[in-house]
Amino acid sequence: MSDPLQQPASPPPVPPAVVPQASAGPSRAKLWAAGAAVVSAIAGVASAVAAFSNNSPSPAAVPPPTAVTLPAPQGASTPGAGSSAGTGTGTGSGTGAGAAPASVRWSGKIVLGLEGVDLTQNPPRRGDGSTLGYRPAAARSGSNSMTVKGTAALWKDASAPTPQGCKDLLATQSGAEVVVVEGDSVCLVNEKSPIAVLKVTATRYDEGSYGLIDGELTIWNLRGTG
């Protein structure tokens, strides 16, 4: 009779098969692939920036535009003698081109009569009963003409009279008197007085002692001599 306590030993249990667990995130291979793609994209952007930088100069490298100097206008003339008193400047253009400019010493309306005007004064002084003999002066000529007496020369150029132009004209073509009509311009000087010009606006043959001349007188800071 066998011993119930001595039964054949049972074979050892077989361990269960190990089932791999699903990964919670991307695999290492996928991570490496994604990283390689990012690096490749960054390299492409860097190459594009480098290419653009090499082909396009920076703002600092662009030279500034070259300044253009325009030539000064030639033959600019002086405003006419009818400028308001104390304004405007004369220029040595026209007959006296190339001379230094001369400023206006005095400018305004006058009535020229037999008593004359002293051009050396500023403003110019008209003669009175005790100071006759100033030049320039007005006087009748013939039956209906008026003259400017004194050292005078008629300005015949189409351009406006200029200081140097009047000075040159007086030095070469002046006379002791000049017959004038409305609209004429007469260059004037008296001994060492400044150069002046009278634009005749009206002649009044029948008025005053020997007629009157209305005009616009301009005196420049330019002497007739020296």
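Does E191 count as buried or exposed, and at what relative accessibility? In this predicted model, E191 counts as exposed because its relative accessibility is 70%, above the 50% limit for that class. The residue is situated in the loop that leads from β8 (185-189) to β9 (194-204). Its backbone is also notable, for phi of E191 is near 55 degrees, a positive value in a residue other than glycine. Most residues other than glycine have a negative phi, and most peptide bonds are trans.

The surroundings of E191 are those of a hairpin. Strands β8 and β9 pair in the antiparallel sense, and four bridges are found between them. Within this pairing, L188 stands opposite A196 in β9. Four residues lie between the two strands of the hairpin, and E191, with its positive phi, belongs to this hairpin.

Strand β9 also pairs with β10; these two strands run antiparallel and are joined by nine bridges. In this pairing, A202 stands opposite D214 in β10. The side chain of D214 meets that of R204 in a salt bridge, with an N to O distance of 2.7 Å. This contact links distant parts of the chain, since D214 belongs to strand β10 (residues 212-223) and R204 to strand β9, ten residues apart. The two partners fall into separate accessibility classes: D214 is buried because its relative accessible area is 18%, under the 20% limit, whereas R204, at 23% relative accessibility, counts as partly exposed. The contact is part of a network of salt bridges in which R204, E207 and D214 are linked.

The structure holds four salt bridges. One of them is formed by the side chains of E115 and R126, at 2.5 Å from N to O. This pair, too, links distant parts of the chain: E115 is in the loop between β2 (102-112) and β3, R126 is in strand β4, and eleven residues separate the two. E115 is buried, with a relative accessible area of 15%, while R126 counts as partly exposed at 44% relative accessibility.

A further salt bridge joins the side chains of K149 and E177, with a distance of 3.2 Å from N to O. K149 lies in strand β6 (residues 145-155) and E177 in strand β7 (residues 175-180), so the pair ties together parts that are 28 residues apart in sequence. K149 counts as partly exposed because its relative accessibility is 25%. E177 is likewise partly exposed, with a relative accessible area of 44%.

Two cis peptide bonds are described next. The bond from N122 to P123 is cis, with omega near 5 degrees. P123 is placed in the loop between β3 (117-118) and β4 (125-126). The peptide bond from R135 to P136 is cis as well, its omega being near 10 degrees. For P136, the position is in the loop between β4 and β5 (137-141). Strand β4 thus borders both loops, and R126, the salt-bridge partner of E115, is in this strand.

Key. Residues are numbered from 1 along each chain as its sequence is written. This is a predicted model: local features need pLDDT of at least 70, side-chain atom pairs count only at pLDDT 80 or more; totals for chains, interfaces and linings use all residues. Side-chain values use heavy atoms; hydrogens and water are left out. Buried means under 20% relative accessible area, exposed over 50%, partly exposed in between (1.4 Å probe, protein chains only). Two strands pair if DSSP finds at least two bridges between them.
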